[in-house]
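Me: Got this model open and want to talk through how its parts touch. Can we start with the domains?

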Amino acid sequence: MPFSTRASVITKKEQTMATTTDIEMLAQQGILARKPRSLWGDAWRRLRYSITARIGMVIAAIIVLTAILAPIVDPYNPKLDSNLDISRQPPSAQHIFGTDRLGRDIFRRIVHGASLSLSVGVVAVATAGIAGTILGLVSGYFGGATDMVIMRIMDIMMAFPSMLLAIAIVAVRGTGLFNTIIAISVVGIPNYARLVRSMVLSIREREYILASHMVGVRTPVIILRHVLPNSLSPIIVSATMGIGGAILTAAALGFLGLGAQPPAPEWGAMIGDGVPFLRQTPHMVFIPGMAIMLTVLGFNLLGDGLRDALDPQMRE
Amino acid sequence: MSTVLEVRNLETRFETHEGTVYAVNGVSFQLDEGETLGIVGESGCGKSVTMLSLLGLIPTPPGVIAGGQAFFLGRDLLKMAEEEIRMIRGSQISMIFQDPMTSLNPVLTIGDQIREPLEEHLNMVAAQSKQRAIELLNLVGITDGASHLDDYPFQFSGGMRQRVMIAMALACSPTILIADEPTTALDMTIQAQIIELVKDLRKELGMAIIWITHDLGIIAGLAHRVMVMYAGYVVERAMVEDLYEHPSHPYTRGLLGSLPRVDAESDKDLVNIEGMPPDLLTKPVGCPFAPRCQYVLSRCREENPVLDELKNGHELACWWDIDRHKPRYGR
Amino acid sequence: MTNYIIRRILGLIPVLFGVSFLVFFLIRLIPGDPVVVMLGDRASAEDVARVREELGFNKPLHLQYFSFMGQLLQGNLGKSIIHHTQVVDELKYRLPATIEMVTWALMLGVLVGVSVGVVSAVKRNSVFDIVGMIGALLGVSMPIFWLALVLIYALAVNNKILPPSGRINVEMFVDRKTGFLFLDTLLMGDIQATLNVIWHLILPVAVLSTVIMPPLARITRACMLDVLNQDYVRTARAKGLAERVVVIKHALKNALLPVITIIGGQLGGLLGGAILTETIFSWPGMGTWAYQAILGRDYPIVQASVLVSATIFVFVNLAVDILYAVLDPRIRYN
């Protein structure tokens, strides 16, 4: 099984800490005796200690708050916004980020675009995560033919470049926000399925599962109570990074004109709008891109921090 | 009998985010030519760190050699530049480690790994080093070495891998062989084989050996002298028979008492050492063993006992005279 | 070793079949009549009937699949609905364009990414490390089409240092033997043309390489750190080997194993990035071809693109598997 087997190597390596504290290194080399610690308390401590994680948390928090509050504080109907007199103005005092082709205030559109991007990111990842987790649990726990079939399907899905698959899905279902979410979440499912399956496989053979079986606990209960909590941390890490990836894919689709349709303030589409005017008014291209980069950066930092904080190596 | 290694007051610390780890706190010892010195103590007591410090193998971002000297054949190892000490590692002072499964590089052949020190330090060419590698394998009891040169470590058993490690270490006929718990990860029978092998090699090659272990049972038949360490300090040192007959430090007694003995009275329990291993993040005031010692005095908590010579080369760092049941006033 | 390769190749066959199934069924998964989907709602009934006849949609399903596979194996990928040209002919033109760009980007990305990762790990927490990892984080967070536009603005639009589009100056003639302009110009002996090709390649390749460069740098660093902490590295140092030997021969070789695995996994992202890069640089490759075909519902082209890219993907993964086995003796012997 080419992809799926290598998947567990990737998973393990993704769990390798990019930043190891010195005490952990010394403990690993047998120089120090290790003190027992709790996972979550330890994780929180390490999260707080990492500068990059803190920056990520701040950025993510700002974006999330913006996304949630914007529609409430400043209800926006893009159709009513255009004012051709002030089209394509560079950044100024009245319009901090300038205006776009139709004279709309770019800053306002960026702020409201946050809601769009974030909703795509979160919903797509949540959907992919849940669907993938279920598939992974089923595949890993029941094994045999079920496992083979599911994993083969996952392999085939992963044989397609994700952009291409997303475009294809959008082509089939049509453009728009909802279909973008569907496309991105479908593309993301194999990742979570693989992840959860490898966790299940490694946990399945452990003694307390066998013991639970013998005592007579039923299969679904075992899955829920034992397997799931243990798989939780890599899923959380992957999901956080996945939000960044989903936002990037959504922006790419928007750029190609396949996402939320105008006049919706989708960041990728805004970049696309600015391309014909790249030479004269580059801010129309630059600014939405920076918004995307900042948002994705925030979630990636957070994901990195979470990964380091939840690293299972420390528990062993 | 000349002295090959003289260590004075070695201090090694690790500066970490969570504080300073005081791993080695003023360790001194001497090693004579051809002598075998055993170093005994529990995990984390500083025995490995001491040896790694001598060879400059401590990672120096967190690690700092805070003081001391280590004279090897007249030169201070601790003051040497990296290039200088690299010449000594693997050729004049070699080290073998605990876990042969992880101590050999899995993607390189064992022939390659044995030949490396030969080609690096003795400037041998390929043909020579291959020949010598086969001889070395023979020396450690792996006959038919020629066919094994292209094998990979995962194809060998644990005992064989440790033999390969020994062959690698002895490749350049070092003056000192440092063995850091080489048998701890092995089966009992394999353990015995390896120890026998080392004893034979010692007879044949005459190198000095520093053997680190936490198992006092092994040291008995192997070492000439034994040094007991705790929390980065040397607490007792003596000739091996003397240590076993007159263990004078409460910790040593504890270690010996926890060994099952054939001649023990059957209703006597194994002695357990109470308490937790020391926290190396704080430099102790007083004797580091005080929290766990059953003979503790108030003086023990205030003043760290100095290593003192009792008689006949038997050194001890303790305020309590265990044989006479009264405090020992330091001289 | 040969055993291993044979087993792996055999293992591919089901996957390839699966891909062909999926591609075959893709159009038929869409609710409604596939021919109507292809031609659009406004097509006339005669057109629908004609195309249905042409493409064989009126035959029973299994016969359709057989004729599909039969044509495939003969190298016939059908005719474009919109352009009425043979798909294969256009493919011969488009595929090398994409492969040329992607290959260079892959090489650049791997070279720079792995090197940065190794140096960052060896000089952990140094300025190089911190800057490198920050750069990698930024690289992973930016949309590549945006990066392309920024670079075009900086280097092509106002300053004309690099060309904003195309594979070669329009007026230059190239005898396209292989379709890989770099090779073709060399074969022709026209060095000026070769330089021109390179000049056109620089921006798209640089942009595309940022798809894999940053993740590679981070993963290589993580793997190297992990390996540098291992006992066998300590043993290598204890043998008195030079640090360079320790890092490259002992550490890197082990660290590369998982890195190679990951390169295989990143390939999908590379192809996806290629679509965007081609669009922005007007690069006449598979990406733009497939994308336009998807939007234009030119199904045979879509089918062909998906098939070709999936097949390439599968074979590249095979190559990665084999490379892995070559480097790691443990896999070979099992």
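Reply: Sure. Keep in mind that this is a predicted model. The C-alpha centres of domain 1 of chain B and domain 2 of chain B lie 30 Å apart.

Me: Ok, and which residues of chain B go to domain 1 and which to domain 2?

Reply: The domain assignment puts 3-92 + 173-327 of chain B in domain 1, while 104-171 make up domain 2.

Me: How many residues does each domain of chain B put into the contact?

Reply: Domain 1 of chain B brings 14 residues and domain 2 of chain B brings 11 residues.

Me: On the domain 1 side in chain B, which helix has the largest share?

Reply: That's helix α8 (residues 188-205) of chain B, with six residues of the side that touches domain 2. By class, this side of domain 1 of chain B has 10 nonpolar and four polar residues, with no charged residues.

Me: Switching to chains. How many residues are in contact between chain C and chain A?

Reply: 49 residues of chain C are in contact with 44 residues of chain A. On the chain C side, the elements that each supply at least two residues are α1 (2-29), α6 (127-141), α7 (144-157), α10 (213-228), α12, α13 (286-295) and α14.

Me: Which one has the largest share there?

Reply: α12(C), with 10 residues of the side of chain C that touches chain A. That side of chain C divides into 33 nonpolar, 12 polar and four charged residues.

Me: And what about chain B against chain C, how many residues from each?

Reply: The contact takes 24 residues from chain B and 18 residues from chain C. On the chain B side, α2 (82-88), α3 (100-103) and α4 (110-121) give two or more residues each, and α4(B) gives the most, with four residues. By class, the side of chain B that touches chain C has 13 nonpolar, six polar and five charged residues.

Me: Back to α12 of chain C. At what angle do the axes of α12 and α14 of chain C cross?

Reply: Helix α12 (residues 243-281) and helix α14 (residues 299-327) of chain C have axes that cross at roughly 180° and come within 10 Å. Angles over 145 degrees count as roughly antiparallel, so α12(C) and α14(C) are roughly antiparallel to each other.

Me: Which residues make that contact?

Reply: From α12(C), they include Leu256(C), Leu257(C), Ile260(C) and Gly264(C). From α14(C), Phe313(C), Val316(C), Asn317(C) and Tyr324(C) are among them.

Me: And what classes do the residues of the α12(C) contact with α14(C) divide into?

Reply: They divide into 12 nonpolar, five polar and one charged.

How values were computed. Residues numbered from 1 in each chain as written. Chains lettered and ligands numbered in written order. Predicted model: local features only at pLDDT ≥ 70, side-chain atom pairs only at ≥ 80, totals over all residues. Axes fitted to C-alpha atoms, helices over the stretch in contact; angles between N-to-C directions. Parallel < 35°, antiparallel > 145°, perpendicular 65-115°, else oblique. Contact = placed C-beta atoms within 7 Å. Nonpolar A, V, L, I, M, F, W, Y, C, P; charged D, E, K, R; others polar. Domains from an automatic or database assignment.
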